[in-house]
Every structure is written in C-alpha cells, then in structure tokens.
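Dear colleague,

I am handing over the structure below, and after it you will find an account of what came out of going through it. Please read the two side by side.

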Amino acid sequence: PPYFQAEDGIRDLASSLVGSEMCIRDRYMGIVRGLAAIFGHSELVLRLLPCAAGIAAVAGTYVLARGWLGRDRAVLAAGLLSIAPPFLLAAHQLKHYTLDALATVALLYAYERFRRNTGSRALVIYVGLAVVSFGLSFTSPFVVAAIAVIEVARRRGDLRGTAPFVAATAAAAVVFTILFAVFYARGPADTLLVEYFDTAYAPAASPTQLPSWLVGQTVGVLRELTGVSSGLVVVLFLAAGIGATTRVPSTTLAAFLPVVALINVGASVFRLYPYGVVRLSVYIAPVVCMLLAAGIGLLLPRDRRSWLSYVAVVAVLYALFYPALTGARPYLSTGWRTEHIRDLVRTLAEEHVQGEGVYINDDAGPAFRFYWVGNGRQVESEEIVWAGRLARDPGLHAPEIAELSERFDAFWALFSHIDPGELRALRAMLLESYECDRSWVEGDARLEHYRRAAALPGSASAPPVEGLSEGDSGTSGDGP
C-alpha cells in the first residue's frame, strides 16, 4: 500500500504512492486521493478501488461468457477468474492491474452491444469507453486494436458498413497518440524500466531465438495467470476452447486472444511494452478464463441427469486447479498475500528503543512507511538506513552494512519482497559483525533484531528461522 505522512497530520505523498513508472499514476491515483479525501486514509479505503475493479471484472466476465457460452460455462469462467492468484493479488494491491482486466471486459461488452445493434449510440458509447480506458489502463489500446482487427476482418468487403467504426476507432487512436506523447512515452524511454523487463522484450536482433522465446513467454504467463501447474494442459484446454467458440455465431472470443497477443508481441518487438510479464498480462485473464471454461465445457455431459459425468468433471477441475486454489487461499483467508507486514511493523514500533537503528529493504519501503506512520512514528529519522534493490550483486550492500556497523551496536532489520538469494547473501554479511538474537516471521516477510557480535560470547550465528531455506520463494516478484 502507499503511505501518508506529515509532521502535523497526514497528507498525500502522491509521487511515492505506487513507486512505479508503469502505473497510470496521475489518473488512477487521483481517484484514490478522492476516495481518501471522502472516506479517510484507512487501509481499506486505499485498497478499495482495485478490489472493486476486481469484483466488477468477475461480474463482467460472467455477463460476457453467459452471452457467448451459456450460463454453466459462464459460472465456470467467473469462478476460474475469482481464484486466479495473480488476479487476486492485483485486487489487493494499490495498483491498477485489475482496472486492466475490467477495461478488457467493458470494452468487449460495449463492442458486442455495438455489433448486435450497429447504431450510432452504441458506437459512441464504445468509443467513449475506449477513450476513458486509455487514461486508466496501459493495455486497453491493445484491446481496442484487437477489436478493430476483428471487426474489419468480420466485415471484409463491406466498406460502407465498416466506415463508421473505422472512423470512430481512428478518432480514439488520435486521443491515445496524444496521451502517449504527453504521458506514456516516458515509460519506454526509461532505461532502468526497460532493463528491468529486458527478457520480456522480443529478441528482434536474434530472429532464431524468437520462436523459443515466444513459446516460453506465452506458456509461462498462461500457466501463472490460471494457476494450473502444467502449461501444456492450459494450452490444450485453451485450444479446445478456441475450437469450440469458432463454431458459435460470435467469433469475437475465439479470435480475440490470438490477435491481442500478437499485438502485444509487436509492441515488445519495438520495446514499447513487455510481453509475458504476469502482472502486466492480467488484462487478458478474463478472456483466458472464458476460453478455458469453453474448453472444459466440452467435458460436460449433454444429459444433465448423468451425474457420474458431472462427478468426473469436478474431479478433473480439482486436479487441474488445486494449485490455483492453494495459491488463492492466502488472499481469501487473510485478505493479503504472504508478505503483509502490518503486524511486523507494529511489533517493531513497540520493541524499538531509542539509539537502535532500523534497516529496511527497498521494496518494503512503501508499506513500511504507511504502517510506521500509522503507529505514530516518523519516517524521516536518522535511525533508518535504507537497503537498495541489489539482487544482481548483493555485495553492493557493503556500504550500508558499514554504515550500520559504524553507527549502531544494535538495530532492527525488516525484509519483505526481497529476492531470496539476495536475502541469504545480505544476512550472511550482517552476521559477520552482528548476531541475530530475535526474529519474527510473517509468511515470507521477517523482522530480525541484531546486536554487535563482539559483545556476545561465542561466534555470531542466527537462530533458525522457520520459512528461510534454499527453496523459500522469498518474494512475490510483484513489488509492494
């Protein structure tokens, strides 16, 4: 979550709310600030917008799928989306990714209304929604472009019938071009940001690597989005779903996923937007779940009285999506993933004594600031030392540790959303001069107290900490 702080109360630090140039900061955070001004700066209010967008996306998925696939498959599609771990994570973060999913659903629904009505009012609503979505979602231009390709292909040869839609889409494209030039072009121009997603850009300079890269990125993101452990199984069911939906009058669903994926790949070729990054692909999650429901629906018996067939289908679903249910459980049972640090920061605020340092890793910063201020403490304190994000070379933490050693005989360290290899290396460096004598663990986050080893008998060592092992996931990879 973000943080709010001020010496004389609470004020919005808008530039640090999300901490990512990939966010639609001005528009999205403007809405968050408005909600906070009306309802207060509580954690619930700050998480309200992405949560509401997630709920609306699930409901919209059901409505769309019911029109395309029927009620049974619509229930299944909405259910699959509601337990997809990346989607649930996005619905609990102060980030805009569930708005991406909602924009996809809303645009497809508005387009279907236009396609069946073909009236000017329906077209105006669709284009207006597209323009609004450009201000709240990076991926909605991909959706609009895919819909345009599908509409033109559907009406090929009918220039007169296609002209109004093409003209309206061209007007929306002009608006997006202006927005891109004014706001979004800063993202592709940010060297640090491009390097961070380097492997998610198509290897245009090495065409021979493109097929393997494309397969790896596609299968990987589909597996993560659905929560199914086998990428092959996901691809087979999606292929079955595409095959099943091509036989129905509306081919929008069947064509959409391949077309929008190709557009996204094209953007990655020009290094405008990554392809295959899970959180940046949440926008296709509703469509993926609908196609999965269509594929799985082929197993459903036509005779509703055949209860044994339903039992078999339930067994297949359980076997496929048990990993997704397991991954969803932390969100559904606690509301926040496994690195929520509210209680750890409260413990730190209660146990910390004057003269002790506080060592916080970079990605824990926004959440720490929010909860630290909420506990009546000041963030701008000389006792706080910030650790950089140095997973590629943990040895670069040495100056930070030297500062701790020079200034403090005892300090607290809070680690959250940190690479497990970086964490192991960092703790080993700390233990060269200090001993860890107390530790609290919350999922993959941990709070540890260190004091100078020279003042203690015996060699410096850390007590065993449950959850810290070579196989520990250590980080969600999604940032705070």
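I begin with L348, whose place is in helix α16, residues 342-351. In this predicted model, L348 counts as buried, since its relative accessibility is 0%. Once its neighbours within four places in sequence are left aside, L348 is in contact with V358, F368, W372, W412 and L447. L348 and H449, for their part, are separated by 101 residues in sequence, while their C-alpha atoms are 9.4 Å apart in space.

Two of the contacts of L348, F368 and W372, also belong together as an aromatic pair. A search of the whole structure finds 18 aromatic pairs, and the one formed by F368 and W372 is stacked, with 5.1 Å from centre to centre and 25 degrees between the planes. Both residues lie in helix α17, residues 365-374, where they are four residues apart, about one turn of the helix. In general, an α-helix has 3.6 residues a turn, so residues three or four places apart point the same way. F368 and W372 are both buried.

The surroundings of that pair fit the description of α17 as largely enclosed by the rest of the structure, because nine of its 10 residues are buried. The buried residues of α17 are G365, P366, A367, F368, R369, F370, Y371, W372 and V373. Just after α17, G376 takes a positive phi of about 80 degrees. Elsewhere among the aromatic residues, ring pairs link Y359, F411, F415, Y434 and Y450 into a cluster.

A second region to look at is the packing of two helices. Helix α12, residues 231-245, and helix α14, residues 285-297, pack at an angle of about 80 degrees, and their axes are 7 Å apart; the two helices are therefore roughly perpendicular to each other. On the side of α12, the residues that meet α14 are V234, F237, L238, A240, G241, I242, A244 and T245, and their counterparts in α14 are V288, L291, L292, A294, G295 and I296. Sorted by character, the residues of this contact divide into 11 nonpolar, three polar and no charged.

L64, in helix α2, residues 43-69, offers another example of a buried leucine, with a relative accessible area of 5%. Apart from its neighbours within four places in sequence, L64 is in contact with V105, L108, Y109, E112 and M290. L64 and A106 are 42 residues apart in sequence, and the distance between their C-alpha atoms is 9.2 Å.

As for the cysteines, how many disulfides does the count come to? With the sulfur atoms required to lie within 2.5 Å of each other, the count comes to zero. Two cysteines that you may wish to find in the view are C289, which is buried with a relative accessible area of 3%, and C436, which counts as buried at 2% relative accessibility.

Finally, some totals for the chain as a whole. The chain has 19 helices and seven strands, and of its 480 residues 50% count as buried. Among the contacts in the chain with a separation of 6 or more, residues 24 or more positions apart account for 72%.

With kind regards

Methods
Residues are numbered from 1 along each chain as its sequence is written. This is a predicted model: local features need pLDDT of at least 70, side-chain atom pairs count only at pLDDT 80 or more; totals for chains, interfaces and linings use all residues. Side-chain values use heavy atoms; hydrogens and water are left out. Rings of Phe, Tyr and Trp (its six-membered ring) pair if their centres lie within 6.5 Å; planes under 30 degrees apart count as stacked, over 60 as edge-to-face and the rest as tilted. Buried means under 20% relative accessible area, exposed over 50%, partly exposed in between (1.4 Å probe, protein chains only). Axes are lines fitted to C-alpha atoms, for helices over the stretch in contact, and angles run from 0 to 180 degrees between N-to-C directions. Angles under 35 degrees count as roughly parallel, over 145 as roughly antiparallel, 65 to 115 as roughly perpendicular and the rest as oblique. Contact means heavy atoms within 4.5 Å. Ala, Val, Leu, Ile, Met, Phe, Trp, Tyr, Cys and Pro count as nonpolar, Asp, Glu, Lys and Arg as charged, and the others, Gly among them, as polar.
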